[in-house]
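Reader: I have a structure open on my screen and would like to talk through parts of it with you. Could you take me through it step by step?

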There are 2 protein chains.
Amino acid sequence: MGMLVVGSVGYDTVWTPLGSGTDLLGGSATYFSISASYFSSVSLVAVVGRDFRSDDIALLKNHGVNTNGLEIAPGKTFRWSGRYNPDDVNLRDTLDTQLNVFSEFEPSLDREQRNQEYLFLANIDPELQLQVLNQMERRPKLVAVDTMNFWIDSKKPHLSKVIELADVVFMDEGELRSFSEEANLVKAAKVIMAMGPKTVVAKQGEHGVLLFEHGSVFAAPAYPIERVVDPTGAGDSFAGGFMGYLASEEDTTDTAFRHAAILGSVMGSFAVESLSVEKLRSLSYQDVVSRFRDFWMLTNFNPLGSEENLPWQTKNDAIYQ
Amino acid sequence: MGMLVVGSVGYDTVWTPLGSGTDLLGGSATYFSISASYFSSVSLVAVVGRDFRSDDIALLKNHGVNTNGLEIAPGKTFRWSGRYNPDDVNLRDTLDTQLNVFSEFEPSLDREQRNQEYLFLANIDPELQLQVLNQMERRPKLVAVDTMNFWIDSKKPHLSKVIELADVVFMDEGELRSFSEEANLVKAAKVIMAMGPKTVVAKQGEHGVLLFEHGSVFAAPAYPIERVVDPTGAGDSFAGGFMGYLASEEDTTDTAFRHAAILGSVMGSFAVESLSVEKLRSLSYQDVVSRFRDFWMLTNFNPLGSEENLPWQTKNDAIYQ
């Protein structure tokens with residue numbers, strides 16, 4: 001089924017210990033769209049400036065991304081620059097943010113976009129997220145929301161309204177704690193679920209994600225990568241694989257959500273292996289299947305796959321005091 | 001098969017957001033022994049002072065721990081006190097450390113101890129760890145080592161010798177990075193494995209562990225606990241379950257090590273649910289089995305348990321650009 005993403009498309013200038021580049025294609029909607037495109041059709045709503053390269057539009061189109069909603073406005077494209085810490089690539093300093101045309105962004109959905117059944121509201125102003133929700137002609141089957149500390153601190157009432165209307169909330173651990181005012185992650189997830197969403201995805205960077213649902217918790221590790229070239233976009237690539245898989249399956253069981261979390265982690269692991277979307281854009285079906293298998297090998301500890309075949313269970317339990 | 005642990009036994013004074021207590025039974029060898037006792041026989045080598053409570057010796061003995069090697073020396077028992085951060089229970093401040101009789105500790109093994117086949121060298125001075133290794137009459141089947149940043153910074157040459165002689169190295173992420181001088185965890189583990197050990201257990205606190213072996217990586221999550229009362233001893237309880245299971249199975253396959261990592265995580269998850277060893281000391285066989293099952297539910301994403309049954313694999317792969 002069709003998927004709509006509303007977010008940013010921009011150019012990033014990035015320094016990491018293993019690479020650097022200027023005006024690299026980036027933005028939450030970019031990473032999300034390319035990642036999701038491996039699983040489902042995607043329509044994108046975002047704004048860029050007149051300096052946006054036509055090559056980059058072609059790249060999105062080649063991935064089957066519907067770019068009718070990519071507005072080209074007078075002015076310059078959104079730009080971000082940052083430097084990752086050489087001792088801990090999970091930490092970064094933002095050096096510069098130029099909103100440019102993004103500062104006037106007013107998402108306006110056409111008829112087709114208003115009827116998409118899967119909706120991802122990437123990390124943008126919660127007031128814009130609400131505007132998008134209000135434009136939908138019918139309630140999508142699945143609404144997922146991402147955000148950041150800046151909005152938690154500055155627009156919590158609006159963000160709370162968005163969360164109340166969402167099915168799936170993506171936040172990193174710090175954001176979850178900050179939003180819920182609960183230090184414990186299980187309690188923090190419960191605060192969100194009590195507001196409406198049935199699923200909370202707690203993102204833990206290089207430690208993977210925890211998927212909280214009523215009555216179920218699932219831990220998906222991150223794939224241990226020896227050459228983390230550029231962590232930019234990992235979270236949006238995760239969300240793209242997660243949502244793209246769910247849209248392709250039209251299945252909302254716990255099993256489907258667990259597969260979605262692993263496929264999200266698969267896509268996130270590819271994203272960090274290159275600058276920008278270089279690796280993410282050039283995957284084959286076999287690459288995705290092969291890394292899915294790698295995740296199975298990474299986490300599986302019961303080759304017989306059954307609760308009935310626990311180890312040591314037939315042992316004398318007299319040793320248990 | 002028999003297991004020997006050499007480490008500390010002491011009294012902890014602890015403040016956490018969910019509890020506090022004075023002179024609580026603690027120490028690396030204490031947590032390790034009680035945890036391992038659920039799986040195998042354990043002999044302990046440590047020193048305490050004349051103020052050590054006979055109740056606490058009885059507790060160890062009731063768990064089948066052989067306390068012949070628990071020396072009772074003139075003077076006071078080792079004491080540590082610390083306070084955990086209310087906003088992040090993974091962070092703690094050490095308020096006071098009194099080595100007392102531990103400052104003169106010289107482990108001396110009797111005949112039986114020198115012939116144990118599984119050896120855990122808990123976090124003590126690497127020179128003492130080497131003394132213990134030198135006293136073994138034959139090379140144990142499995143030697144595991146724990147350490148801390150203090151020894152990495154102050155006695156790296158001695159610690160390196162211990163590591164060269166070990167099969168399994170337990171370190172937290174920061175220690176691994178610091179010892180190996182590699183920011184990337186995969187590279188850091190390779191540095192250790194190149195020194196001799198076949199297994200590196202990278203401890204990640206509330207994010208679980210990564211088990212590195214040649215040609216295999218296994219990610220075991222930590223169990224999400226809503227009431228983390230006291231994280232003290234979690235790592236040693238992990239090591240106890242890990243080593244205790246391996247000693248009981250006499251199996252060194254990758255599968256056995258993965259089960260060991262999960263059972264270590266099971267025991268670590270119990271340890272943090274109470275102050276001191278209160279919860280850890282009072283488990284039933286069913287408690288352990290039940291939480292092992294919980295871990296299976298926490299991580300399993302392929303109910304069919306087979307690589308042959310990947311999701312979406314039968315789909316049209318035309319969507320893959």
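Author: We can talk about a sheet, a strand and some helices in turn, keeping in mind that this is a predicted model.

Reader: Fine, let's start with the sheet in chain B that contains S6, so what is its strand order?

Author: The order is S3-S2-S6-S7 in chain B, which makes an open sheet of four strands with mixed pairing. At the edges sit strand S3 (19-26) and strand S7 (88-98) of chain B, each of which pairs on one side only. From one strand to the next, the twist averages 20°.

Reader: And S6 with S7, do they run parallel or antiparallel?

Author: Strand S6 of chain B, which covers residues 78-85, runs antiparallel to S7(B), and seven bridges join the two. To find one of these bridges on your screen, look for Asn85(B), whose bridge partner in S7(B) is Asp88(B).

Reader: Changing topic, which strands does S1 of chain B have bridges to?

Author: Four bridges join S1(B) to strand S4 (residues 42-49) of chain B, and these two run parallel; four bridges also join S1(B) to strand S8 (residues 118-121) of chain B, again in parallel. Val6(B) has Val45(B) as its bridge partner in S4(B), while Leu4(B) has Leu119(B) in S8(B).

Reader: Are the residues on the two faces of S1(B) buried or exposed?

Author: Both faces are covered, since on one side Met3(B) and Val5(B) are buried and on the other Leu4(B) and Val6(B) are buried as well. That fits a general pattern, in which the side chains of a regular strand alternate between the two faces of the sheet.

Reader: Now the helices, at what angle do H9 and H10 of chain B pack?

Author: Helix H9 (residues 234-249) and helix H10 (residues 254-271) of chain B pack at an angle of about 140°, and their axes are 7 Å apart. Angles over 145 degrees would count as roughly antiparallel, and H9(B) and H10(B) are therefore oblique to each other. Their crossing is right-handed.

Reader: What sort of residues make that contact of H9(B) with H10(B)?

Author: By class, there are 13 nonpolar, seven polar and one charged residues in the contact of H9(B) with H10(B). On the H9(B) side they include Phe238(B), Phe242(B) and Glu249(B), and on the H10(B) side Leu263(B), Val266(B) and Met267(B) are among them.

Reader: Last one, over in chain A, how many residues of H1 are buried?

Author: Nine of the nine residues in helix H1 (residues 28-36) of chain A are buried, among them Tyr31(A), Phe32(A) and Ile34(A), along with Ser28(A) and Thr30(A).

How values were computed. Residues are numbered from 1 along each chain as its sequence is written. Chains are lettered from A and ligands numbered from 1 in the order in which they are written. This is a predicted model: local features need pLDDT of at least 70, side-chain atom pairs count only at pLDDT 80 or more; totals for chains, interfaces and linings use all residues. Two strands pair if DSSP finds at least two bridges between them. Axes are lines fitted to C-alpha atoms, for helices over the stretch in contact, and angles run from 0 to 180 degrees between N-to-C directions. Angles under 35 degrees count as roughly parallel, over 145 as roughly antiparallel, 65 to 115 as roughly perpendicular and the rest as oblique. A crossing is left-handed if the near helix is turned anticlockwise from the far one by less than a right angle, and right-handed if clockwise. Two residues are in contact if their C-beta atoms, placed from the backbone, lie within 7 Å. Ala, Val, Leu, Ile, Met, Phe, Trp, Tyr, Cys and Pro count as nonpolar, Asp, Glu, Lys and Arg as charged, and the others, Gly among them, as polar. A residue is buried if 20 or more other C-beta atoms lie within 10 Å of its own, exposed if 12 or fewer, and partly exposed in between; C-beta atoms are placed from the backbone.
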